[in-house]
There are 2 protein chains.
Amino acid sequence: MTGKLYGLGLGPGDPELLTLKAHRILRSAPVIAWPAPDTGSSFARAIAAPHLPGGQTEIAIRVPMRTERFPARDVYDKASTLIAAHLDAGRDVAVLCEGDPFFYGSFMYLFERLAGRYKSEVVPGVSSMMAAASHAGRPLAARNDVLSVLPGPLPDEALTERLGQCDAAAIIKIGRHFGRLRALIDDLGLTDSAVYVERVSLEAERLMPLSQVPEDTAPYFSMILIYKGGEDWIHALPGSTP
Amino acid sequence: MTGKLYGLGLGPGDPELLTLKAHRILRSAPVIAWPAPDTGSSFARAIAAPHLPGGQTEIAIRVPMRTERFPARDVYDKASTLIAAHLDAGRDVAVLCEGDPFFYGSFMYLFERLAGRYKSEVVPGVSSMMAAASHAGRPLAARNDVLSVLPGPLPDEALTERLGQCDAAAIIKIGRHFGRLRALIDDLGLTDSAVYVERVSLEAERLMPLSQVPEDTAPYFSMILIYKGGEDWIHALPGSTP
């Protein structure tokens, strides 16, 4: 009997936004694996930390944050080998995933290496996009709105075309693209329709009109929500200055 | 001291896909309110049922399923009045929401009537879109993919334009539009890229290539996922016939 591979969606950051299912599996899995940057701590593990029973085996998957399209093939090859050894020995392995595992997540790199050979289950989670709209206090999309999810690294031309067509958008993976994205949104006349959200659902959450963001940079865990027609309530958001 | 209004995201259907936070609030709220069709049972209440402590006051919000843009203004006016009376009396009220409250949900109709006057909190939930991709076994969007969320009632022209531009799409609110949508997807050459998902995460879940769906109709709780480039694995999905 081999073990089972789980991709556990842990939600956007607040440990209380785990699902009951993710919580149950996290409490019982003998092995957990979590992504982390080269140096520094793992956000996924931090979300899980208050729930860990202790005594589990842990596998750190340290992913260089440099390349865009094929992040660290070797890192995932090696992690898969380590995980496979546990699965072969009959131990379940829960891979911790921020947000939802299959919504722009890196869990796919492990899943594609292992799911063909082992039983596997992906447990969906609350995405940061949903949490951001909840905290902004407005539906991101309703009725027959078209919602576009747009990765920030896309070139200006692609973003311009798609922002023109949708009713609402979430621009994700902002990080070092923040300055360029802010200028683009301004060129499109959408600054007053844009809400900036950083570290949603954590103590350090910041949420404000994009026009009020003082910095020229943004952390990796941030996004911009575009609400066309939302100018009035966005102007009145806490965090805005007159 | 007035009570607090909660919009509780309950997830896609499996009662174990509630968040710990929604579960805590559900266990302690003295009053719950839930949407239901004119006749018949409430899906949101069914998700919550295994967790209800008993003894809570319940408000049924029976919404006619006919009109599209402004469903049942009167129904929400009356429900808001009932809810406001409890809030005025100091009792918290939890409104039960399928999926995520602010992702195409009807909670907005109560929120816009009440949130200005009462403390309120929206608790995000796992959306059926995330759950559907998890169960299909493939990320709906990854890397720099553009994901579009498209309501099925949109006219063919709008859907055609948006389906042409995105890398992946979730077509929601299918119901009686199923036949038209299937024909449109076929005209666009996307049938082999399409996965049909019905009642995701419930016992009655059905998930299969769109090409294999025998019926000409679909229930309200169904969606079509478009994975451009996904033809090979979609063909091999369980549920497909050679």
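Helices (H or I, at least four residues) and strands (E, at least two) are DSSP runs, numbered from the N terminus. This is a predicted model, in which local features need pLDDT of at least 70, side-chain atom pairs count only at pLDDT 80 or more, and totals for chains, interfaces and linings use all residues. Residues are numbered from 1 along each chain as its sequence is written, while chains are lettered from A and ligands numbered from 1 in the order in which they are written.

**Confidence**
- Chain A has a mean pLDDT (the predictor's confidence in each residue, from 0 to 100) of 94, and 95% of its residues reach 70 or more.
- The ipTM and the pTM of the model are 0.95 and 0.95.

**Helix α7 of chain A**
- Helix α7(A) spans residues 178-187, and Phe178(A), Leu181(A), Arg182(A) and Ile185(A) in it are buried (20 or more other C-beta atoms within 10 Å of a residue's own, with C-beta atoms placed from the backbone; 12 or fewer is exposed, and in between is partly exposed).
- The buried residues of α7(A) fall within an arc of 100 degrees seen down the axis, so they line one face of the helix; the arc is that of the directions from the helix axis to the C-beta atoms.
- Ala183(A) and Asp187(A), on the other side of α7(A), are exposed.
- β7 (168-172), β8 (194-198) and β10 (222-227) of chain A are what the buried residues of α7(A) pack against, contact being C-beta atoms, placed from the backbone, within 7 Å.
- Gly189(A) follows α7(A) and has a positive phi, near 70 degrees.

**The two copies**
- A turn of 180 degrees and a shift of 0.0 Å along the axis lay chain B on chain A with an RMSD of 0.0 Å, by least squares on the C-alpha atoms of residues with pLDDT of at least 70 in both.
- The two copies are thus related as by a two-fold rotation axis.
- Thr19(B) has the C-alpha nearest the axis in chain B, 2.0 Å from it.
- The copies meet through the same surface, because 98% of the interface residues of chain B are also interface residues in chain A.

Methods: Contact = placed C-beta atoms within 7 Å.
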